[in-house]
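This report describes one protein model for a reader who has not met it before. Please keep the sequence and the three-dimensional view at hand while reading.

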Amino acid sequence: MTKLDDRRDEEKYLKTLYDLYSRKNHQKKPAERFQELKRDVQVLIRTKANINIVQVEDYGGETFLSEELAIKMLQEANAALKRCRLLSSESDLPVNIVKLNDILLRFLMHEHANYALDLGLNIIPIADAGRSFPQLYFFDVVQNQYYNSSLEDQCNTSVVPCIM
């Protein structure tokens with residue numbers, strides 16, 4: 001196996017993400033540019049004009065992070081890494097392993113975990129003196145450390161030994 005066909009793995013991960021968001025009746029939104037600037041302007045307007053122009057959607061507390069999805073992706077990645085070790089020549093193995101790991105990182109961390117973090121940041125309510133303490137769902141996202149430790153374990157046990 002000299003050239004790795006990554007499309008199959010990418011399609012699997014895309015379908016897994018699509019299924020998760022479909023089950024939660026959520027349409028994945030593109031990342032907003034200049035989100036921090038937008039929030040700063042909203043705070044300024046609220047402070048100076050005492051007008052609340054912000055409607056924050058909190059998705060009912062849903063974080064859109066799924067440990068089940070992470071486990072599934074990590075299991076699929078393990079199976080792909082095993083196939084890669086069996087089918088790759090010794091000279092192609094490091095390159096193919098890195099490609100597979102990059103695909104996992106892209107979908108698990110960038111497409112899934114970072115998206116959940118971005119949504120969590122976007123729904124942090126703007127402080128309002130005199131109101132009750134707001135619900136900060138962002139911390140529910142940050143608290144879930146499963147992704148980091150599982151991904152680190154996978155890299156240390158399956159990826160690093162093949163590329164050293």
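Y115 has a relative accessible area of 7% and is therefore buried. The model is a predicted one, and in it Y21 forms an aromatic pair with Y115. The geometry of this pair is edge-to-face, with 5.7 Å from centre to centre and 75 degrees between the planes. Y21 counts as buried because its relative accessibility is 5%, below the 20% that limits this class. The two partners belong to distant parts of the chain, since Y21 is in helix α1 and Y115 in helix α4, 94 residues apart.

## Aromatic pairs

The count of aromatic pairs comes to two. Besides Y21 and Y115, the rings of Y13 and F107 have their centres 5.8 Å apart. The planes of Y13 and F107 stand at 35 degrees, so this pair is classed as tilted; an angle under 30 degrees would count as stacked and one over 60 as edge-to-face. Here too distant parts of the chain are linked: Y13 sits in helix α1 and F107 in helix α4, with their positions 94 residues apart. Both Y13 and F107 are buried.

## Overall architecture

The protein has six helices and zero strands. Along the sequence, its elements follow the pattern α-α-α-α-α-α. The protein contains 164 residues, and 35% of them count as buried. When contacts between residues at least 6 apart in sequence are considered, 84% join residues at least 24 apart. The accessible surface amounts to about 10,700 Å². Carbon and sulfur atoms account for 54% of that surface.

## The nonpolar interior

Which residues touch the most other members of the largest nonpolar core? They are Y13, M73, L104 and L108, in a core of 21 residues. Helices α1 (7-23), α3 (67-87) and α4 (93-122) each supply at least two residues of this core. The greatest contribution is that of α4, with nine residues.

Y13, already described as a partner of F107, can be followed further through its contacts. With its neighbours within four places in sequence set aside, Y13 is in contact with M73, E76, A77, I103, L104 and F107. Two of these, M73 and L104, are also named with Y13 among the core members that touch the most others.

A second core is separate from the largest one and consists of eight residues. Among them are A80, I97, L100 and C162.

## Salt bridges

A search of the whole structure finds four salt bridges. The following table presents some of them, with the distance between the closest N and O atoms.

| Salt bridge | Closest N and O atoms |
|---|---|
| E10 and R106 | 3.2 Å |
| K15 and D19 | 2.9 Å |
| K28 and E111 | 2.9 Å |

The bridge between E10 and R106 links distant parts of the chain, as E10 lies in helix α1 and R106 in helix α4, 96 residues apart. R106 counts as partly exposed because its relative accessibility is 34%, a value between the limits of 20% and 50%.

K15 and D19, by contrast, both lie in helix α1. Their separation is four residues, about one turn of the helix. D19 has a relative accessible area of 25% and is therefore partly exposed.

Which parts of the chain does the pair of K28 and E111 tie together? K28 lies in the loop between α1 and α2 (35-49), while E111 lies in helix α4, so the pair ties together parts that are 83 residues apart in sequence. K28, at 31% relative accessibility, counts as partly exposed. E111 is partly exposed as well, with a relative accessible area of 28%.

## A nonpolar surface patch

Nonpolar residues also occur on the surface, where V98, V160, I163 and M164 form a patch. Together these residues have about 370 Å² of accessible area. I163 is located in helix α6, which comprises residues 146-163. Is I163 buried or partly exposed? Its relative accessibility is 37%, so I163 counts as partly exposed.

Key:
Residues are numbered from 1 along each chain as its sequence is written. This is a predicted model: local features need pLDDT of at least 70, side-chain atom pairs count only at pLDDT 80 or more; totals for chains, interfaces and linings use all residues. Side-chain values use heavy atoms; hydrogens and water are left out. A nonpolar core is a set of buried Ala, Val, Leu, Ile, Met, Phe, Trp, Tyr and Cys residues joined through side-chain atoms within 4.5 Å. Buried means under 20% relative accessible area, exposed over 50%, partly exposed in between (1.4 Å probe, protein chains only). Contact means heavy atoms within 4.5 Å. Patches are made of residues with over 30% relative accessible area and no salt bridge: like charges are joined within 9 Å, nonpolar side chains (Val, Leu, Ile, Met, Phe, Trp, Tyr) within 5 Å. Accessible areas come from the Shrake-Rupley method with a 1.4 Å probe; for residues, only the protein chains shown count as cover. A salt bridge is a side-chain nitrogen of Lys or Arg within 4 Å of a carboxyl oxygen of Asp or Glu. Rings of Phe, Tyr and Trp (its six-membered ring) pair if their centres lie within 6.5 Å; planes under 30 degrees apart count as stacked, over 60 as edge-to-face and the rest as tilted.
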